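Reader: Hey, can you walk me through this one? I'd like to start with whatever sits around the ligand.

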Amino acid sequence: MRIDASTLDRQASHELLKGCVSPRPIAWISTLSAVGVANAAPYSCFTFVSLVPPMVCFSVEPRLDGTKKDTLRNAESTGDFVVNLVPEELAAAMNTSAENFPPEVSEIAKAGLTTAPSEMVRAPRIAESPVNLECRVERVVEVGQNRLVIGEVLLVHVRDDLYRDGTIDVARLRPVARLAGNEYCRLGEVFELDRPWLRGVK
Ligand SMILES: Cc1cc2nc3c(=O)[nH]c(=O)nc-3n(C[C@H](O)[C@H](O)[C@H](O)COP(=O)(O)O)c2cc1C
């Protein structure tokens with residue numbers, strides 16, 4: 001099979017790319033609207049893009065009617081957001097929060113969740129999520145029809161039992177990841193590959 005990418009419309013491109021770039025970690029982004037409504041939605045076009053300073057990014061498609069999603073609008077107006085990680089037990093709530101509620105409705109409450117105040121940004125954290133990254137919007141980049149939101153990570157909250165050797169104990173966190181369509185996956189068997197050429201290198 002050969003697929004000429006120039007023949008793909010938005011939906012076909014979305015399905016194909018989601019399958020090619022899989023599994024994807026899910027950033028559950030919480031923001032605050034200009035009038036103070038807490039918002040949350042999952043974004044799986046998500047990764048880190050800088051180490052010093054630490055930065056992450058996520059990409060926002062326009063809605064089908066061409067309007068901006070609430071997360072983008074809020075991040076642009078307040079200048080900040082929080083990335084909340086999604087362990088298996090929060091998968092159903094994360095899915096509920098993906099519904100396109102009007103801006104005055106809080107997906108956090110709709111999903112049966114609560115907020116916790118952040119310390120360095122205005123956007124609240126999702127209290128039930130065990131890892132939260134408080135981020136300040138560094139820039140928003142136009143990429144095709146999407147907007148890539150790049151944020152500097154200012155403060156990371158990690159539940160104590162999930163912090164090990166300077167990182168997250170991912171096997172214990174058990175994050176869910178997105179595939180294509182409505183499919184998700186759990187963490188499977190974890191294995192290591194030695195890198196002999198790095199022995200002794202710090
Ligand atoms: C697991 C998952 C991942 C998603 N990833 C993205 C994404 O990377 N970019 C995007 O624009 N929409 C993504 N969506 C769709 C948004 O979550 C959805 O449009 C949501 O209603 C946006 O809410 P908001 O208007 O409150 O920002 C994803 C949905 C799910 C369920």
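Reader: So how many nonpolar, polar and charged residues are in the shell around the ligand?
Author: By class there are eight nonpolar, six polar and four charged residues. Nonpolar here means Ala, Val, Leu, Ile, Met, Phe, Trp, Tyr, Cys and Pro, charged means Asp, Glu, Lys and Arg, and the others, Gly among them, are polar. This is a predicted model: local features need pLDDT of at least 70, side-chain atom pairs count only at pLDDT 80 or more, and totals for chains, interfaces and linings use all residues. Residues are numbered from 1 along each chain as its sequence is written.

Reader: Cool, which residues come nearest to the ligand?
Author: Of the 18 around it, Ala41, Cys45, Lys69, Asp70 and Thr71 do. A residue counts as near if its C-beta atom, placed from the backbone, lies within 6 Å of the molecule.

Reader: And which element gives the largest share of the shell?
Author: That's β3, with four residues. β3, β5 and α2 each supply at least two. Helices (H or I, at least four residues) and strands (E, at least two) are DSSP runs, numbered from the N terminus.

Reader: Switching topic: what order do the strands of the open sheet come in?
Author: The seven strands go β3-β2-β6-β9-β10-β5-β4, with antiparallel pairing. Two strands pair if DSSP finds at least two bridges between them. β3 and β4 are the edge strands, each pairing on one side only.

Reader: How many bridges join β4 to β5?
Author: Four, between residues 46-50 and 55-60. The two strands make a hairpin with four residues between them, and Ser50 has Met55 as its bridge partner. Over at the other edge, β2 and β3 pair over six bridges, with Leu32 partnered by Ala38.

Reader: Okay, where does α2 fit, and which of its residues are buried?
Author: In α2 (residues 70-78), the buried ones are Asp70, Thr71, Leu72, Asn74 and Ala75. Buried means 20 or more other C-beta atoms within 10 Å of a residue's own, exposed means 12 or fewer, and partly exposed is in between, with C-beta atoms placed from the backbone. Those buried residues pack against β2, β3, β5, β6, β9 and β10, where contact means C-beta atoms, placed from the backbone, within 7 Å. Just after the helix, Gly79 takes a positive phi of about 80°.

Reader: Last one: what does Trp28 touch?
Author: Leaving out residues up to four places away in sequence, Trp28 touches Ala40, Pro42, Asn84, Val86, Met94, Ile126 and Ser129.

Conventions: Contact = placed C-beta atoms within 7 Å.
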